[in-house]
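Here's a quick briefing to read alongside the structure. Have the sequence handy as you go through the bullets.

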Amino acid sequence: MRLFLLLLSLIFSSCAANRKAEIDYYNVQFAEKPRNIILLIGDGMALPQVSAHIYWQGVGKTIFEKFKVVGFHKSYAYNDLVTDSAAGATAFACGHKTTNGAIGVLPPDNHPCPTILEQLSEEGYATGMVVTCTATHATPACFIAHRELRAFTDEIALDYLKTPFDCLIAGGEKNFDERYDKLNLVDSFKTKGYVVKRGTNLKNLPMDGSKPFVVFTDDREPPTASGGRKYLPEASKKACEYLDKRSDKGFFLMIEGSQIDWAGHANDRNWLRSEMEDFDRTIRKVLEFAAKDGETLVIVTGDHECGGLALTKSDSRKEFKPVFSTRLHTAALVPVYAYGPKAELFRGTYENTDIYWKMRKALE
Ligand code: MG
Ligand code: ZN
């Protein structure tokens with residue numbers, strides 16, 4: 001009996017030690033305007049995905065419920081009420097609607113549009129991206145590449161050498177060093193002074209900000225969160241800390257929970273659940289940084305809904321039954337969560353392109 005009690009008390013004390021004190025995200029004196037902007041995109045994440053996540057985790061337990069500023073964006077593309085991720089990300093990156101499949105180019109003649117990452121890089125900000133897909137996938141591509149079609153992945157890889165970004169953590173190394181044109185772009189990065197690493201060990205990066213870096217987390221697409229992929233939260237935190245040291249002017253960081261969308265296409269509720277958990281952990285790390293920093297504007301949104309997810313009544317009164325109505329994207333409004341200096345700009349209902357203009361305005 002005494003041993004039992006001892007064990008019990010040990011278990012309780014270790015639980016208490018593991019429970020981290022919750023940060024009061026709003027007990028912070030924000031600067032008048034942001035120095036840094038972090039844009040987090042949950043691909044395929046709209047209200048149904050966030051709702052499911054809240055009910056799966058338990059009401060009051062998710063990071064989404066912490067935000068005091070919420071808005072909605074209309075995700076439709078230039079020529080289609082239902083957008084794809086290329087037109088969706090081009091809207092965020094450039095501030096203009098484009099045709100589905102287009103990467104950083106605009107109708108009618110597919111002329112390139114400058115992206116916020118390129119512009120801020122030019123203006124002396126440090127810039128970076130952290131994603132759970134290949135670097136050449138539509139969402140990250142739209143921030144740095146200009147191509148008529150998202151399928152031109154080897155061409156998109158070439159565009160990464162044209163903008164002096166500071167850090168990239170993504171899958172898809174093969175698009176850089178196993179190419180139809182036999183070029184080795186990994187060597188090109190090294191020639192340009194980048195530290196290039198492979199795998200998900202994030203140690204030994206130039207965290208003092210002395211050099212730019214690329215981490216290829218996978219040859220091709222990284223695994224799913226439930227299949228063992230863990231790097232997004234930690235990599236995002238590291239990217240914030242690194243970029244903060246990299247420029248006196250400030251930084252722009254795009255982080256993508258890329259596979260929320262793939263779970264939607266697959267109509268796979270378990271996959272969706274684990275990707276949303278991973279994205280939640282990532283947002284948490286970013287908000288911890290922003291709360292300490294006070295000069296960082298954080299925006300969390302999706303590019304579009306995917307799967308037409310409905311939270312229907314189940315036999316149990318405590319659970320909902322997730323029902324997908326399509327394997328494609330839908331035109332549902334997408335929530336936008338904002339935190340930090342100038343967050344209030346993101347209230348209301350507006351175009352997806354306004355995300356770009358509001359970010360620009362915040363930095364004015
Ligand atoms: Mg994407
Ligand atoms: Zn999709």
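D43 and E256 are both buried, meaning under 20% relative accessible area (over 50% is exposed, in between is partly exposed; 1.4 Å probe, protein chains only). Keep in mind that this is a predicted model, where local features need pLDDT of at least 70 and side-chain atom pairs count only at pLDDT 80 or more, while totals for chains, interfaces and linings use all residues. Residues are numbered from 1 along each chain as its sequence is written, chains are lettered from A and ligands numbered from 1 in the order in which they are written, and side-chain values use heavy atoms, leaving out hydrogens and water.

**The magnesium site**
- D43 (OD), T139 (OG1) and E256 (OE) are the protein donors of the magnesium ion (ligand 1), at 2.0 to 2.2 Å; donors are N, O and S atoms within 2.8 Å of the metal (3.2 Å for Na, K and Ca), and with water not among the atoms, sites may look incomplete.
- D43 sits in the loop between β1 (36-42) and α2 (47-57) and E256 in strand β9 (residues 251-257), so this pair ties together parts 213 residues apart in sequence.
- Helices (H or I, at least four residues) and strands (E, at least two) are DSSP runs, numbered from the N terminus.

**Strand β15**
- Six of the six residues of β15 (residues 334-339) are buried.
- V334, V336 and A338 point one way from β15, while P335, Y337 and Y339 point the other way.
- β2 (residues 69-74) runs antiparallel to β15, joined by five bridges.
- F72 has P335 as its bridge partner in β15.
- β10 (residues 296-302) is also antiparallel to β15, with four bridges.

Conventions:
Pairing = 2+ DSSP bridges.
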